Amino acid sequence: MSSLFQSEEMTLCQLFLQSEAAYSCVSELGELGLAQFRDLNPGTNAFQRKFVNEVRRCDEMERKLRYLEKEIKKDNIPMLDTGENPDAPQPREMIDLEATFEKLESELREVNQNYEALKRNFLDLTELRHILRKTQVFFDEVCTLTINMGVVAGTPGGVAQSPSTPDDEHVGLLSEEGMGRGQTASAKLGFVAGVILRERLPSFERMLWRACRGNVFLRQAEIETPLEDPASGDSVYKTVFIIFFQGDQLKAKVKKICEGFRATLYPCPDSPAERREMCMGVMTRIEDLNTVLSQTQDHRHRVLVSAAKNIKTWFIKVRKIKAIYHTLNCFNVDVTEKCLVAECWIPVADLDNIQLALRRGTERAGSSVPPILNRMSTTQEPPTYHRVNKFTRGFQNLIDAYGIASYREVNPAPYTIITFPFLFAVMFGDSGHALIMLSFGAWMVLCENSLAKKKSKNEIWNIFFGGRYIILLMGLFSFYTGLIYNDWFSKSLNIFGSAWFANNQTYNNLEIWKHHETEKDLMLDPKNAYSDKPYPIGLDPVWQVAENKINFLNTYKMKISIILGVIHMLFGVLLSLWNHVYFKRTVNILCEFIPQLIFLTFLFLYLCILMFHKWIWYGANMVGANKEYDEQHAPSILITFINMVLFKYSDDPNEFMFSGQKMLQMCFVVIALICVPWMLFIKPFVLQSQHKKQMAANGGAHGAGAPKINPDFESGETSELPTPVDGNNSAAPAAHSSGGGGGHGEHGEEFEMSEIFIHQGIHTIEYVLGSVSHTASYLRLWALSLAHAQLSEVLWSMVMRIGLAQKEYYGAVILFFIFGAWAILTVSILVLMEGLSAFLHTLRLHWVEFQSKFYTGAGYSFTPFDFHEMLAAAEAADEGD
Amino acid sequence: MGASFVPLMIFTVIWGGVGIVLPFLVPKGPNRGVVQVVLMLTGATCWLFWLCCYMAQMNPLIGPIISWKTALVMQQEWGSGPQPAD
């Protein structure tokens, strides 16, 4: 019943909905999320569909909402997210929503426009105020200049009475007093005052100088505070300038140049009194404007705050409406124009739920006619639906990343829940690092509710969070294998007492060794230094301090890699039996499964049995009658295996591990070799004879309808119908699916014997060669665990040991920092990098070595019409913008 | 033959319990099959892994090569082992 072992049974249904009720029924189905609708109008263009106007209106509403959202975000107003899920509103409510959005949008636009105009005004007034202030300085300077000029050039004594302090009450620039008592015939000086961007000032000056041939006089003063540009909102620095010139021609030139450099000119009165008056006027106007501006801002803020309360729910509603209309566009209109017809894939187990949902929908719409749900039989391959929960989803994703399972074939995911972390752990095998990984995984799992709410945009975090159960399990299993490998951050624990010992009797005066100059290594002889009880849990701690640790570990780890690999592959072959039985392909059982099993078992399982035999029967401690089982006589398993396959037997009586071995091995190899032509030849002939029988029974070809006779057809079928081929089972990637050789793109054409042979040949070669290469491929379990152990040992001895070996008091400080470095390197290299690497290799072992024995993976996934998924996707698209 | 029965028994019982006995106790529900498979596989893989390690060490063909310093420390910390009857 548990549908994780196999994909759910699906049925194609026809749905007849009354036009009024259609909207609410689809809404109910969207909330349920169990129906995948097929597009019945694939040929029509998007603009010709029935509900294109409604979709357009929804798009318009969404555009307005996005504008609102942008404005809200600009003001940093928090948008309330209650997490509620409002139902899709009825079509008549859509008009209300549209009106609301229209009103809000126009109001906001108006406010923004007014604000901009006011701001511009404000800017002008501010600049004017700056000008009025700065020009005061200029006038004073020119005043002193002219006074001095007057003193120099004027009649003696005349000017001395003039007040020497340029008191602006008395001196106006253009008043006759300050001017021309001198002979210089002073014509009236004109001036313009304005403001220009600071960056433009140098070129402005240069242009003026060149154009007016140096006959103008420019003074400038910088405005310290930056002013806000109303259009762009940036703050810019500006400079006040004033240009003095004589005559009208120069005036015209100066004005044109100012225009060209986009300097704004302001009217500035000559007399100080007028200037002062103007300044006051400007100040009051600025203050008024400030008040108006702040009130405008407040109003805008209020509008936005009230909109922000509802905007999330509005978004959800509008998106739901749009999704419903998109779905309705896929429906066909019945000839009577009274009802809509839809086709959808539904899991058989959920038919009742769907009926209930439809009934609810029709009640809500107030329609009297109940909707009709018809099951159709079809030859198309249904979509693959695995019912997963939050725990199994991660593992199912791992499998689906390689290929979605074909309809109703066996799903490797439930087994992957354990085999994946286990094989990872064999490669990762360090309890210390496993604790780090375990705590990370456990934290993510225990806090998953609060972490999920955060909706982070960081992709890497999302990947880790999505795989939290996988990480948790990997950590658990790695802890266990670390216990067995006796590896805690490259150190071993001695809990139960080592099985090896060194004493004087063993070594004839160990004391003498102390005084030896040469430091000699000694091997603890298993005959003397080994208590006959092995270390109960895991690897003996003595190996950690042994020089030949790698020698021992190599043989141990290689053997377990092969043992685990052969068992994993055997499991895969047995799963293919399930497939054959379910799809009723007896031909495959006899012609593929049995020879495959025999080949794998007789060669590689025998290899594993030899390993166990060697472990049990051979040892250095074998004394007495078992003298030929001691370490001098232990044969190498690898050489034995190679000789077995090559039929190379010498006459050495010590070669064999048990009596009758030679005969047994020769039988095994011969039978295994027979399996090869068995796999290659038998099935095509069987298929051909079946085809002939079928043709005879049907009395010749039915034209295009000549069905392919294979009752053991690869792709999913409704079991009542004879199964003509459908193009959707095109060349599946996995090798052994070629067994359905007749199915490849041949719609009832002739039975091509050559094609069948080619497919069968490919399958056989892949399997036979594959079993050798895949068995060797499992040795990566050994390789990676060796690499991990060595890396962690290097890190300890090169980094941490330096800190621990410090002798002085300040060694404590040094140790503190060295520990930090060691910890960072441990986490980044050994946990993250090695973890990622082992993860990848485990994934490959599952995808290639395990799944190639039984998995087709040629299906397509069930994508129901689900509001939840649609909203999540829309939000993700929003974040990505 | 170097092997003592006690660890063998203990471990077989533990993992046998996990893999053979517990699946019968899983409560009925939609996940029953998956939980049973998980328990069986856990029991089988963990037991096999422990067994291989145990069997690889019970009849050693080579011994550890240690420096004499290590031998002295071993003797001091881990004891000199069972004294042979002289």
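**Exercise 1. Characterise the second largest pocket of this predicted model by volume, lining and location.**

Step 1. The volume of the second largest pocket is about 930 Å³. A pocket is an open set of points, on a 1 Å grid over the protein atoms alone, with protein on both sides within 12 Å along at least five of seven lines; lining residues have an atom within 4 Å of a point. Points are joined across faces, edges and corners, and the volume is the space filled by probe spheres set on them.

Step 2. The lining comprises 34 residues, and K559(A), M611(A), S636(A), I637(A) and L638(A) lie nearest the centre. By class, 26 are nonpolar, five polar and three charged (Ala, Val, Leu, Ile, Met, Phe, Trp, Tyr, Cys and Pro count as nonpolar, Asp, Glu, Lys and Arg as charged, the others, Gly among them, as polar).

Step 3. In chain A, α17 (549-582), α18 (586-617), α19 (637-646), α20 (661-698) and α21 (753-777) each supply at least two lining residues. Helices are DSSP runs (H or I, at least four residues), numbered from the N terminus. Domain 3 (393-555 + 779-853) and domain 4 (583-776) of chain A each give at least three residues to this lining; domain bounds come from an automatic or database assignment.

The model is predicted: local features need pLDDT of at least 70, side-chain atom pairs count only at pLDDT 80 or more, and totals for chains, interfaces and linings use all residues. Residues are numbered from 1 along each chain as its sequence is written, chains are lettered from A and ligands numbered from 1 in the order written, and side-chain values use heavy atoms, without hydrogens and water.

**Exercise 2. Describe the largest cavity.**

Step 1. A cavity is a set of grid points where a 1.4 Å probe fits but cannot get out. Eight cavities of 30 Å³ or more are counted, and the largest has a volume of about 150 Å³.

Step 2. Its lining has 17 residues, with Y485(A), D487(A), L539(A), L553(A) and K557(A) nearest the centre. Seven are nonpolar, six polar and four charged.

Step 3. α9 (413-428), α17 and α22 (780-804) of chain A each supply at least two of the lining residues.

**Exercise 3. Describe the interface between chain B and chain A.**

Step 1. Contact (heavy atoms within 4.5 Å) links 51 residues of chain B with 70 residues of chain A.

Step 2. The two chains bury about 5,500 Å² between them, 74% of it on carbon and sulfur atoms. Buried area is the accessible area (1.4 Å probe) lost on putting two parts together, summed over both.

Step 3. Zero salt bridges are counted between chain B and chain A (side-chain nitrogen of Lys or Arg within 4 Å of a carboxyl oxygen of Asp or Glu).
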